[in-house]
Each structure stands twice: as C-alpha cells, then as structure tokens.
Amino acid sequence: MSQTLAYGSALREGFHHLLSKHPEVFVVGQGLWSPWYVGNSMTNLDKEFGLERVIDTPVSEDACTGLAIGAALYGYKPIVIHPRVDFMILATNQIVNQAAKWGHMLGGREYPAVTIRGIVNRGGQQGAQHSQSLHSWFAHVPGLKVVMPATALDARDLLIASALYEGPVVFFDDRWLYEDAEPYAPVRHLDLAAEGPKAIREGKDLTLVGAGWSTQQCMIAAKELETSGISAEVIDIRVLGPSDFSAVVASVRKTRRLLVVDAAWETCGLGGEIIANAVESLDLGTFLAKPKRLSIQAAPAPTSAPLETTYYSTVKAPNIVKTARDMLAKAK
C-alpha cells in the first residue's frame, strides 16, 4: 500500500469502501467511468461492482437526482454525481424543494439519506459555464448538510460519513485538489453530525480560514508567512451548513486578526458569513485589524488562459501572503 494518499484516489477509496461494505449504497450520474467527467475518483468501479451499482445515466440532472431521492425514501443510500456543479443547477428543485424539505414536511419521521456530489471544475480554459463553485447557495438552505473537504483523508472519510448520514448531504469536491496527497491512514469512521470546522495548523498572529481548495491556498500561505516570522493559524471549514463557526471564533479570540479566503464570488458568500459571525461573537476590541475577505472577481470566469490566471489570482497563496502582511503592518 502507498505511504501517501492523493485526494482523487482517496475519493475512489471512499466509494470502494461504501460499495463493498454497504449493499444499500449505489452511485448514479453521468460519465461515472470517464476521467473527463470524474477524474480518477471512480476508476473501474463500474467493472468491479457492476452496472446495477454504478449506474451511468442519460444527460438529465433533474431526473437522476429525483431517482436518487426517491430511492433514498425506500431505504437505499444513493450517491448522485454531478460532474460539474454548474449543471447541478438543473436539479435545484429536487435538492432544495424535495430532499431538503421532506423531513420538515413529514414531522421528522422520514429523511431521504441521499448524497449529492458536485464536482467543482476550475481552470483549463473551460469558461463561464464550467468553472463555478456554488457552495454558498446550498449552505443557505435549511435541511441540507453541506460538506467541502480540503484534504485527501477528509475527502475519503467525509464521503463515507455523508453516504451513511440519515439525511440529505451536498458534497463538494474540487478537481484542483485531486493530485494533493498526505500520509496514508486507515479509514476513520466519522459521525457527520459531530463534524465541523477545525484548526489544521496552529498560530498566534493571524487566523486564515478556507474551505476546499481555498484551505490548501491558506496552508501554502501560512508556510510562506512563517519564513518572515508570522505565525498563521489555519481553520478548515469542512462543513459549511448548518453553520458552526465556533472554531473560527476561538481562533480569532487568540490571534485577534481574521482573513477569510473563498474561491467563489464575494456577494452573499461564505467569507461575509464567517466574518459576520466572528464580529457578532467577539467584542470589537478583540480585533487588532479589520477582518478581511478575499474572493474571486464578481464576473463569470473567462476562457482566455492569461485572463483566467488573473481571475483566480486574488484567492491564491501569493495574494493571501501580501494581504496578511498588510494586515499586520497596519496594526503596528
């Protein structure tokens, strides 16, 4: 067995674990056999477990999501995969009006235990309709658990926990993370109801907060800041909704500075929600600098490679480092 585990391979290991140990689990969606659609996250699972467990569907996001929700209400634990979050929008009625609402409308007696996986695709000159990360949309909706892992082990173990959770989960993963690896460890049997944001790097001068790929950029920035004597703590949000930002508040109480990085648009976004929660929870005298958020530009993603580089530059590590240094300099 390899001594490291990459994010994409970790997702595959999570699917393999679920399909081999839980006969009520099946996977449905488009292109589940294709690296173009799902990277290496499901390689050969259709061959190993058969087409009745790994079901490739026609191009109808609404239909395959509705099928999965219905199967969940009959006791299965389906995972429906949308290879691009952009087109998961076509299933929004099923996710927001059906999956999220069933438990409420039936007095808590019946919840569809369905996991809806949306893959975030960035870069590669894919353009405006193939590059969005809409995690804040779904975190806004009561009744949905929204998960966005940043590390390989979390990708595997939170996927397993999501599939076994007794309620609807929207699970986001980012293809820019698929090659990121960390030391291998056996499966942790997590209880999704008890999981939430956590500190993955300790520090004393500044709190950096991210989710998914943004967490990776925060970690890179924290290591660079350390070379100039700045100690940055990194909080990985992991579970976006229902919101519990107590780990962020505890960190900011210690560091007294907050910088949130979110690789999505700023308006009504995750960054603003985290900052609002911190400001409401702490005395204003706690802060040595105004909290800041870094987001991508409020425009659809460009197709041109040079413009694409500029488009994402605000949420990449070099700009995080620059912003953090400015925050500390202004407080002196």
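**Fold, salt bridges and an internal cavity**

The secondary structure of the protein chain comprises 14 helices and 14 strands. The model is predicted. The chain has 332 residues, and its radius of gyration is 20 Å. A compact globule of this length would have a value near 20 Å, so the chain agrees with that expectation. Along the principal axes, the C-alpha atoms fill a box of roughly 65 × 45 × 40 Å. Buried residues account for 55% of the 332 residues. Contacts often span long stretches of sequence. Among contacts between residues at least 6 apart in sequence, 81% join residues at least 24 apart.

Salt bridges were examined next. The structure holds 16 of them. In one of these, the side chains of D154 and R188 meet, with a distance of 3.0 Å from N to O. This pair links distant parts of the chain. D154 belongs to helix 9, which covers residues 152-164. R188 lies in the loop between strand 8 (181-183) and strand 9 (198-201). The two residues are 34 positions apart.

The two partners differ in their surroundings. D154 has a relative accessible area of 3%, and therefore counts as buried, the limit being under 20%. R188 has a relative accessibility of 30%, so it counts as partly exposed.

R188 has a further partner in D157. Here the closest N and O atoms are 2.6 Å apart. D157 also sits in helix 9, and again the pair links distant parts of the chain. The separation in sequence is 31 residues. D157 has 0% relative accessibility, so it counts as buried. Thus R188, in the loop between strand 8 and strand 9, is bridged to helix 9 through both D154 and D157.

Another salt bridge joins K322 and D326. The closest N and O atoms of this pair are 3.2 Å apart. Both residues belong to helix 14, which covers residues 317-330. They are four residues apart, which means a separation of about one helical turn. K322 is partly exposed, with a relative accessible area of 49%. D326 is partly exposed too, at 34% relative accessibility. Beyond single pairs, salt bridges that share partners build one network from E13, D154, R156, D157, R188, E195 and R238. Both bridges of R188 described above, to D154 and to D157, connect residues of this network.

The interior was then searched for enclosed space. The count comes to one cavity of 30 Å³ or more. About 70 Å³ of space lies in the largest cavity. Its lining consists of R122, S131, Q132, S133, A263, A264, W265, I296, A301, Y311 and Y312. Two elements give two or more residues to this lining: strand 13 (258-265) and helix 13 (305-312). Strand 13 gives the most, with three residues. By residue class, the lining divides into seven nonpolar, three polar and one charged. The charged residue is R122, because Arg counts as charged. Among the nonpolar lining residues are W265, I296 and Y311, because Trp, Ile and Tyr count as nonpolar. The polar group includes Q132, because Gln is outside both the nonpolar and the charged lists.

Definitions and conventions:
Residues numbered from 1 in each chain as written. Predicted model: local features only at pLDDT ≥ 70, side-chain atom pairs only at ≥ 80, totals over all residues. Heavy atoms only, no water. 1 Å grid on protein atoms, 1.4 Å probe; cavity = no way out; pocket = protein on both sides within 12 Å on 5 of 7 lines; lining within 4 Å. Points joined across faces, edges and corners; volume = space filled by probe spheres on them. Salt bridge = Lys/Arg side-chain N within 4 Å of Asp/Glu carboxyl O. Buried < 20%, exposed > 50% of the residue type's maximum accessible area, 1.4 Å probe, protein only. Rg over C-alpha atoms; globule rule 2.2 N^0.38 Å. Contact = heavy atoms within 4.5 Å.
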